[in-house]
Amino acid sequence: GTVRMDEHSNNNGNVAGVGGWEEEEEEEVNVTLNMGDDDDDDGDRMDVKTESSDAKPTPQRTTSSSTTAITPTIQRHYFQPTVTVYGLENYTFSKKDAQLETDTSVHGRLARMQAKYDKEGMRRTVEGVLLVHQHNHPHVLLLQIGNTFFKLPGGQLKPGEEEVAGLKRKLTKKLAPDEINPIDWEIGELLCTWWRPNFETLQYPYMPPHITKPKEAKKIFIIPLPEKCLFAVPKNLKLLAVPIFELYDNAPQYGPIISSLPQFLGRFNFVYS
């Protein structure tokens, strides 16, 4: 489909030979100027008539006044999901028995993940984003371990466990007063999925093309909260409401996953109540 135009061709498609350009046959053209004497609204009229021996009749395009050109229009509908966010003052917080972490270090966690990978395969993790607001500024509820480590509530799924049921179980374990009277959790839309290609700390919000056997898949869901409820936090943990403007581009403090939440939440319409 490529047309090559070299330096020996002109705009009319004539090709130059060795001796120069080929001459075209001259056409006999008669031009008659007719200055009419008839009066019209535009004054004098000049008619130009061109005659050529090789002239071909020009096809006339007829149009009808009753014909209307129809231009198709493309309508695009953009759906923006809406999430109702309630004020932080609507919620009550209490304490419950401590829940010690299984792994005391990141390297210990990776070593345990590698040992379980041979038996259970890829690790599946689910976490939830719980939103509240203060003065119409959205905040994310984060669990703090020690002084420097932050994480979203959630955890590892059991082999064969369904994602929604597993996330509800993990949220109840971490934040509900007790398992007898659990919070009626609503699992919203999937925000993002992060992949761990190897038994390393690096995780990516996409699957690298050269990876065929990822070691972990972490799915993060938005959790619309009820208007009022009671949270119970383990004694060894802290539950913090962090504004999303503090999370934005703040990977040194919160890590790459939590600091990317403002971008993923940007497609939602927040209604503050």
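**Burial, salt bridges, cores and a pocket in a predicted model**

Colleague: Why is K218 called buried?

Modeller: In this predicted model, K218 has a relative accessible area of 7%, and since buried means under 20%, the residue meets the criterion. K218 sits in strand β10, where, apart from residues up to four places away in sequence, it touches T125, E127, C192, T193, W194, Q203 and I257.

Colleague: What makes K174 and E101 a salt bridge?

Modeller: The side chains of K174 and E101 meet with N to O at 3.9 Å, which falls within the 4 Å allowed between a Lys nitrogen and a Glu carboxyl oxygen, so the pair qualifies. The two residues come from distant parts of the chain, with K174 in helix α2 and E101 in the loop between β4 and α1, 73 residues apart. By the same rule, 9 salt bridges are counted, and E101, K151 and K174 are linked in a network of them.

Colleague: Are K174 and E101 buried or exposed, and how do you know?

Modeller: K174 counts as buried, because its relative accessibility of 10% is under the 20% limit. E101, at 33%, counts as partly exposed, because that value lies between the limits of 20% and 50%.

Colleague: How do you know that E163 forms a salt bridge with K219?

Modeller: The closest N and O atoms of E163 and K219 are 2.9 Å apart, and that is within the 4 Å limit, so the pair counts. E163 belongs to helix α2 and K219 to strand β10, so the pair ties together parts that are 56 residues apart in sequence. E163 is partly exposed at 22% relative accessibility, and K219 is partly exposed as well, with a relative accessible area of 25%.

Colleague: Why are R196 and E216 called buried, and what makes them a salt bridge?

Modeller: R196 has a relative accessibility of 4% and E216 one of 0%, so each value falls under 20% and each residue is buried. Their closest N and O atoms are 2.7 Å apart, within the 4 Å limit, and the pair is therefore a salt bridge. With R196 in strand β9 and E216 in strand β10, the pair ties together parts that are 20 residues apart in sequence.

Colleague: Which residues touch the most other members of the largest nonpolar core?

Modeller: They are L130, L175, W185, I223, L225 and F231, in a core of 24 residues. At least two residues of this core come from each of β5, β6, α2, β10 and β11. Another core lies apart from it, with 23 residues that include V129, V140, V242 and F270. In soluble globular proteins, nonpolar side chains tend to be buried together.

Colleague: With which residues is W185 in contact, leaving aside its neighbours within four places in sequence?

Modeller: The contacts of W185 are L130, K168, L171, T172, L175, I223, L225 and F231.

Colleague: Why is P138 called buried?

Modeller: The relative accessible area of P138 is 9%, and because this is under 20%, the residue counts as buried. P138 lies in strand β6 and touches V132, H133, V242, P243, I244, F270 and Y272, not counting residues up to four places away in sequence. Its C-alpha atom is separated by 9.8 Å from that of L88, which is 50 residues away along the chain.

Colleague: How many residues line the largest pocket, and which lie nearest its centre?

Modeller: The lining has 37 residues, and those nearest the centre are E101, R109, F149, K151 and K218. The pocket has a volume of about 1100 Å³. Two or more lining residues come from each of α1, β5, β7, β8, α2 and α4, with the largest share, 6 residues, supplied by α4. By class, the lining comprises 11 nonpolar, 13 polar and 13 charged residues.

Colleague: What is the secondary structure of the chain, and how many of its residues count as buried?

Modeller: The chain has 5 helices and 13 strands, and 34% of its 273 residues count as buried. Among the contacts with a separation of 6 or more, 67% are between residues 24 or more positions apart.

How values were computed. Residues are numbered from 1 along each chain as its sequence is written. This is a predicted model: local features need pLDDT of at least 70, side-chain atom pairs count only at pLDDT 80 or more; totals for chains, interfaces and linings use all residues. Side-chain values use heavy atoms; hydrogens and water are left out. Helices (H or I, at least four residues) and strands (E, at least two) are DSSP runs, numbered from the N terminus. Buried means under 20% relative accessible area, exposed over 50%, partly exposed in between (1.4 Å probe, protein chains only). A nonpolar core is a set of buried Ala, Val, Leu, Ile, Met, Phe, Trp, Tyr and Cys residues joined through side-chain atoms within 4.5 Å. Contact means heavy atoms within 4.5 Å. On a 1 Å grid over the protein atoms alone, a cavity is a set of points where a 1.4 Å probe fits but cannot get out, and a pocket is an open set with protein on both sides within 12 Å along at least five of seven lines; lining residues have an atom within 4 Å of a point. Grid points are joined across faces, edges and corners, and a volume is the space filled by probe spheres set on the points. Ala, Val, Leu, Ile, Met, Phe, Trp, Tyr, Cys and Pro count as nonpolar, Asp, Glu, Lys and Arg as charged, and the others, Gly among them, as polar.
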